[in-house]
Amino acid sequence: MCGIAGFFSPAKSRAAHEMQSIVSAMTDAIVLRGPDDAGAWVDAEGGIALGHRRLSILDLSPLGHQPMVSVDGRYVIIFNGEIYNFQDLRVELEKHGHTWRGHSDTEIMLAAFCQWGIVEATKRFNGMFAFAVWDRQDRVLHLGRDRLGEKPLYYGWVGDTFVFASELKCMRAFPGFNASVDREALTSLLRLCYIPDPLCIYQGFKKLPPAALLTLKAANDHAEPGYYWSLPQVVERGLDNPFRGSDAEALAEFESLLQKAVGMRMVADVPLGAFLSGGVDSSLIVAMMQKQSQRPVRTFTIGFHEKQYNEAGYAKDVAAHLGTEHTELYVTGEDALNVIPLLPSLYDEPFSDYSQIPTYLVCKMAREHVTVALSGDAGDELFGGYERYDMGRKLWSKISWMPPAMKKMTAGMLTAIPAGVLNAIGSKVLPKRLRHVPAGDKLHKLAEVVAAPGLETLYLNLMSHWKQPQDIVINGKDPVTAITDTASWPRVSDFTHRMMHIDMETYLPGDILTKVDRAAMGVSLEGRIPLLDKDIIEFAWRIPYHMKVRDGRGKWLMREVLYKHVPKKLIDRPKRGFGIPLEHWLRGPLREWAEDLLSEARLKREGFFHPAPIRQKWAEHLSGTRNWHFYLWDVLMFQAWHASVSRA
């Protein structure tokens, strides 16, 4: 795991020492992504500079140093990530006569490029990666990113120079950087709590999409990315050629694939462990790790003293059953609050999924003991785990027959009584176990869903915070994204499979993988995600719906495999999110901080938001009549980020 940065400007005459100084300053900005080593390579005549920060995981010797040049001298690479099938590729390449200087996967990548070319070699990589490769023979720059977007890669132009890096803070270190906020990206943040690719918070910059390759022959070559792998095609192929075996055969194949994927991700020359929440996903990963380990696996969880947010006890029980070497840390509200000032720099681009806070805390704790940690992310998207899948499916089956006028009338009836009034009534008349649920907010949310004229709008409503964010952002525009661009969707008739596909294209890379990468790399920890193995992804899309969701419960296949290793009684319980009491903190210890960022004078002065709707939600939240913490956190995270970069 590392960080990369570079620039390409053949028309600009810079001395080699100046180029090296610039690219070194860029990589110094991301030292946490690679604290173990630094390197730079420049070709002043070609106008190319490549910089690297290294977190040593495989081949800790100097033979793993980057930038790395291929044996034949043609290619120079900087690479962030891991190629998990590098040992298989090594054997295959040896048959073609390749020899080795060290034992790193980077060297295997270079040999693969020499043997098969950039595109065909990348198709063979099973891993997480973002790379830049300079072809010295053809004087061409190639950028590439892994299939699902585990590793980040930004690019854009500063004047006539093409600049690229793992994080935006590298761009800000480039001489002459002066970019404005992209209002479309800001609008997307308010809707989704993240900025979807290829958008970037800065005008003139983009994220390279997952599974994309970008090739430039000149710095002013505004080439469009091409794709070496297509999730929509995987979805279509899987649904057109479904798995036709029995339940037992499906369980056996999935367990075999998962065991292999986990085993590949346990290869490291540094201490390794796993996050363990006690839920299905992380427990299954740890079970597969322990099955292949000759010693107890290191597992980590954090707990909260507030009972409604604490799952540490469940994780402890699972760890005891599997025999792991378990570490838990109970964090206080003060611990979590202390993370908030770090978030603008940590995430580098506005990001407002507030589970970013506990994610950072568990990464920080794990890093005290290990350098690599496996996680159970992506189980929900692959095997139907989110509650919205079953809820959306059932709801749509009940309302799809309604004509638009009837939907509108029904929604009007549900919102006839203000949400705050319904919340107050519910807190008194509902059964005690449900009184904490904001009944009014839930009914008003249901009304938004009922009013949806079609599947696309229904899903967008389910995923949106601010429903009309373009009305909140001054000169805002709601951009076309993979959620709304129905022409790019695969041929999928089943509603739940549609939602799962869109989540994998958008929510997974934009939210989940961004959250994990930045939190882990912020403490120099490498996170690995076995469920994103390409063979598992392709298998999951061949599995029929009833092997994913059965009796209203998602992840059936995962559960059945897990029950072979962990008793049901330790696993079967209501699903909880990785949450913190943010709604209460905004009325308490965070109130002064938030009021400063949301003040009417400040909002007017900075000119990004219309103050009135934000101030209204802030007032309603403070009074307790409504719970707007999701909406407010979107604005607060942008405001905190903007304040941070303005001071820099």
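**Notebook: rings, bends and a sheet**

I began with the rings, and found that F177, Y202, F205, F608, F609, F638 and W641 form one aromatic cluster. A reminder to myself before going on: this is a predicted model, and I am reading computed values from it.

**Entry 1: aromatic pairs**

I searched the whole structure for aromatic pairs, and the search gave 28. I picked out F129 and Y228, whose rings are stacked, with 6.4 Å from centre to centre and 25 degrees between the planes. Where do F129 and Y228 sit along the chain? F129 belongs to strand β6 (residues 127-135), while Y228 is in the loop between β12 (226-227) and α7 (231-240). They are 99 residues apart, so this pair links distant parts of the chain.

I then asked myself: are F129 and Y228 buried or exposed? F129 has 0% relative accessibility and counts as buried. Y228 is buried too, with a relative accessible area of 7%.

Next I went back to two members of the cluster, F638 and W641. Their rings make a tilted pair, 5.7 Å centre to centre with 40 degrees between the planes. Both residues are in helix α28 (residues 629-647), and because they are three residues apart there, about one helical turn separates them. I noted that F638 and W641 are both buried.

A note for my own memory: a pair of aromatic rings is described by two things, the distance of the centres and the angle of the planes.

**Entry 2: charges over rings**

I looked for charged side chains sitting over rings and wrote down two cases. R388 lies over the face of Y507, 5.2 Å from the ring centre. K617 does this with Y631, where the distance to the ring centre is 5.4 Å.

**Entry 3: the backbone**

Which residues are joined by a cis peptide bond? I found one between Q66 and P67, with omega about -5 degrees. P67 is located in the loop between β3 (48-54) and β4 (68-69). Another cis bond runs from D197 to P198, and its omega is near 5 degrees. P198 is in the loop between α6 (183-192) and β10 (205-207).

I also checked for positive phi angles outside glycine. R139 is one such residue, with phi of about 55 degrees. I located R139 in the loop between β6 and β7 (140-145), and its relative accessibility of 34% makes it partly exposed. C193 also has a positive phi, near 80 degrees, without being a glycine. C193 is in the loop between α6 and β10 and is buried, with a relative accessible area of 6%.

**Entry 4: cysteines**

How many disulfides does a search of the whole structure find? It finds zero. To see why for one cysteine, I took C114: its closest cysteine sulfur is in C2, and at 20 Å that is too far for a bond, since a disulfide needs the two sulfur atoms within 2.5 Å. C114 is partly exposed, with a relative accessible area of 30%. C193, which I met in the last entry, is in no disulfide either; the nearest cysteine sulfur belongs to C200 and is 17 Å away.

**Entry 5: a sheet and a helix**

I traced an open sheet of six strands, in the order β4-β5-β6-β7-β11-β12, with antiparallel pairing. Which strands stand at the edges? They are β4 and β12; each has a single partner strand, so one side of each is left without a neighbour in the sheet. In general, strands of a sheet pair through backbone hydrogen bonds, either parallel or antiparallel.

I then zoomed in on β5 (residues 75-83) and β6, which run antiparallel and are joined by nine bridges. One place to look is I77, whose bridge partner in β6 is V133. Helix α3 (residues 105-116) packs on this sheet and touches β4, β5 and β6. The direction of α3 makes about 125 degrees with that of β5.

**Entry 6: one buried threonine**

My last stop was T371, in the loop between α13 (356-367) and β16 (372-374). T371 is buried, with a relative accessible area of 9%. What does T371 touch, not counting residues up to four places away in sequence? I listed L55, I57, V270, P271, S524, L525 and E526.

Key
Residues are numbered from 1 along each chain as its sequence is written. This is a predicted model: local features need pLDDT of at least 70, side-chain atom pairs count only at pLDDT 80 or more; totals for chains, interfaces and linings use all residues. Side-chain values use heavy atoms; hydrogens and water are left out. Rings of Phe, Tyr and Trp (its six-membered ring) pair if their centres lie within 6.5 Å; planes under 30 degrees apart count as stacked, over 60 as edge-to-face and the rest as tilted. Helices (H or I, at least four residues) and strands (E, at least two) are DSSP runs, numbered from the N terminus. Buried means under 20% relative accessible area, exposed over 50%, partly exposed in between (1.4 Å probe, protein chains only). A charge sits over a ring if NZ of Lys or CZ of Arg is within 6 Å of the ring centre and within 35 degrees of the ring normal. Two strands pair if DSSP finds at least two bridges between them. Contact means heavy atoms within 4.5 Å. Axes are lines fitted to C-alpha atoms, for helices over the stretch in contact, and angles run from 0 to 180 degrees between N-to-C directions.
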